[in-house]
Amino acid sequence: MKRGLSIVLVLMLLVSLVPLPALATGESYETITGSIMFNAGHDDMETDHPCPFTYSDGYFTDTAYRYRQDLATVTMAMCLAAGNVADPERYREGPANLEGFFEQIGFSDFEANADFTTRPGRNTFGVGIANKEIRVNGEKYTVIAIGLRGCGYYAEWAGDLNVGLEGEHTGFAICRDKALDFLQSYLAKHSEITGKIKVWCTGYSRGAAGANLLGGALDDMFMSGASVGKNVTLSPKDMYIYTFEAPMGADINKVGGRIYENIHNVINYNDLVVRVAPECMGFARYGVDHVMPSAKLDANYAELKDDMLAVFNTFENAGKYRIDDFKYVTVTPGATADKIISGIRGDVMTQGEFLDVFVEKLFTKVFTTRAEVYAAQDDIQELVLPLIGTYPDQWETVKQSLATNAKDNMARLISSLMRGEDSAVAVVADIFLDTMRDAGITEYNAAQVKEMVRPLVQMLIRIVTACPDEMATLLYNIVGIMSAHYGELGMSWMLSIPADYMSSKQSGTPYEPLPFTDVPDNAWYRADLVNTYERGLINGTSAGTFTPNGIVTRAQVVTVLYRMAGDHLGVQHRRRQGLYRHAFRRLRQHNARATCLVPLPLR
């Protein structure tokens, strides 16, 4: 049975997947409305705040390769709920908001990993999972929902600075590995979950980086023929990965291929975090980026913004929408602190455009190699960790106070950095001491803080020397730049933009593994078939069938070999020869008359 199919499959190479039109469904699905609590906000991050959502099992009837606004919106509600509860005294109840969300939408068997219920550390990562059985066209699926902690994680923030020397971002890879391990442990523990599953995964910020890498890992597992669980099958078309404000943490050399388009990254163009770690250092995101409205990218931004603000102002912790208050600052090198600021203008560029310029200069004029970033990461982590303080809630005060103090002392700070290290250390230490006092951190004296900030000052001097205007602009707008990353802003966009806003910007058709209805998900040859179909080396016997048990004709094998020759144009002669000789050896192993089937010259 396997012989004929093997004759074709052994000729092929590894690549990506292909689209499949979504199947219509005749099921009737209940719509559930509810409200989650989340720990994030512009002006009040000390308490949890409510956020509405709408959910339906019907959101999972479509292929994961097609972006859905309704699914994306409820997924963002899940990722906000996946943050720790705000009260630091309740850190053992960290996933309580996520568990409450799952209960409202009928998911059960909620479990959280140990990191979600213990005091956060540098390399911890909270993961919460629940499941629900649904039916699509009468067929049973179990949806495995995975919420990855992306806010309220405090000391974990230091792990974001662990970029590593090469390949993927080391700190974010830790998140991916912890999430995958817990998912596999969950499936092993719940042996009652069998058959086809759908994975629904999300995260915000650091959690988004973990979700992005987890999605890439699950796609890679499918491509290699590996299974995520012993008695379950998972197809990429059933992996619904939605990330929000995700930094770039994947290896840029490994993100190609349409298989990853089941990973949807919703990002704000005005957010600094989505530019970290930078592409010029070899980082990228798996999947497709879906960009929220901005003044730079949308001609009808004013109208879209009005709709967003109508929702934004309903959040009790929303505060002020600051992004469009951005001003560009220029400085006069060598001037005294009272005259160093040359101008402050709001008509030069938008916040997003500035961040593009700043990041590009930062990683071409200041840090020119990844090794330089790696060399600085430990010093910055050691500075960050004491600022977090004895209690986790101090970190929130630190972030707000440090931003305010830096802006208020912008001219003095820029001037001191231009005068030299000793002058700058004194000024920066004063700013940090004020911040620590605001946060109730009292165990460090002035001399200790000066030594703590010295590596940071050395870095800031390099930045000011290379791009003084950009550094001053960053400090002046730091509160607004931080505000672009807050969850209720993103949720306001998700609740207000038209249903087709994101998808209207997409080109091409949704992507799915195979159009063949006669190829089971657990077929022994499925991974090889996906690879060969993607390259265009083989087609089905019709638009929807492959006929896996059919007889392979000589003409079909010749056609495949001819396509392979075209597929490898430009490859060195020896490599092409080796490829064909290997194929012929494999053909002979299957008792095929390879020498009679080869009209193509090998010279």
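## A first look at the rings

Are Phe-312 and Tyr-321 buried or exposed? Both of them are buried. Keep in mind that what you're looking at is a predicted model.

Let's stay with aromatic rings for a bit. Searching the whole structure turns up 22 aromatic pairs. Take Phe-60 and Tyr-240: their ring centres are 5.1 Å apart and their planes sit at 85°, so this pair counts as edge-to-face. Phe-60 belongs to the loop between β2 (49-56) and α2 (69-81), while Tyr-240 is in strand β8 (residues 239-244), so the pair ties together parts that are 180 residues apart in sequence. Phe-60 and Tyr-240 are both buried. The pair we opened with, Phe-312 and Tyr-321, is edge-to-face too, with 6.2 Å from centre to centre and 75° between the planes.

Phe-60 and Tyr-240 also have company: ring pairs link them into a cluster that includes Phe-53, Tyr-55, Phe-101 and Trp-200.

## Charges over rings

Two lysines are worth a look here. Lys-198 has its charged end over the ring of Tyr-141, 4.4 Å from the ring centre. Lys-407 does likewise with Tyr-476, where the distance to the centre is 4.7 Å.

## Two nonpolar cores

In soluble globular proteins, nonpolar side chains tend to be buried together. Here, the largest nonpolar core has 60 residues, and those touching the most other members are Phe-354, Phe-367, Ile-414, Leu-417, Val-453, Val-457 and Ile-463. There's also a second, separate core of 58 residues, with Ile-32, Met-76, Phe-244 and Tyr-301 among its members.

Back in the largest core, Leu-417 makes a handy landmark. Skipping residues up to four places away in sequence, Leu-417 touches Ala-424, Val-457, Leu-460, Ile-461 and Val-464.

## Helix α12, with a bend

Several of those names turn up again in α12. The buried residues of this helix include Val-453, Val-457, Leu-460, Ile-461, Ile-463 and Val-464. How far should the 21 residues of helix α12 (residues 446-466) span? At 1.5 Å a residue the answer is 30 Å, and the end C-alpha atoms are 29 Å apart, which agrees. Still, α12 bends by about 40° at Arg-454, and a proline, Pro-455, follows within four residues.

## Helix α4 and its partners

Helix α4 (residues 170-189) has 20 residues, which should span 28 Å at 1.5 Å a residue; its end C-alpha atoms are 29 Å apart, in agreement. Plenty of names to look up here: the buried residues of α4 include Phe-172, Arg-176, Leu-180, Leu-183 and Leu-187. What do the buried residues of α4 pack against? Their partners are β3 (108-112), β4 (127-136), β5 (139-148), β6, α5 (206-224) and β7 (232-233).

## Two residues to compare

Tyr-204 lies in strand β6 (residues 195-204). At 4% relative accessibility, Tyr-204 counts as buried. Leaving out residues up to four places away in sequence, Tyr-204 touches Met-76, Leu-148, Phe-244 and Tyr-486, among others. Its C-alpha is 9.5 Å from that of Pro-247, a residue 43 places away in sequence.

Glu-30 sits in the loop between α1 (2-9) and β1 (31-38). Glu-30 is exposed, with a relative accessible area of 60%. Apart from neighbours within four places in sequence, Glu-30 is in contact with Tyr-55, Ser-56 and Asp-57. Glu-30 and Tyr-55 are 25 residues apart along the chain, with 8.4 Å between their C-alpha atoms.

Technical notes. Residues numbered from 1 in each chain as written. Predicted model: local features only at pLDDT ≥ 70, side-chain atom pairs only at ≥ 80, totals over all residues. Heavy atoms only, no water. Core = buried A, V, L, I, M, F, W, Y, C linked by side-chain atoms within 4.5 Å. Buried < 20%, exposed > 50% of the residue type's maximum accessible area, 1.4 Å probe, protein only. Contact = heavy atoms within 4.5 Å. Phe/Tyr/Trp six-rings, centres within 6.5 Å; stacked < 30°, edge-to-face > 60°. Helix = DSSP H or I, 4+ residues; strand = E, 2+ residues; numbered from the N terminus. Lys NZ or Arg CZ within 6 Å of the ring centre and 35° of its normal. Expected span 1.5 Å × (residues − 1). Bend = angle between axes of the 7 residues up to and from the residue.
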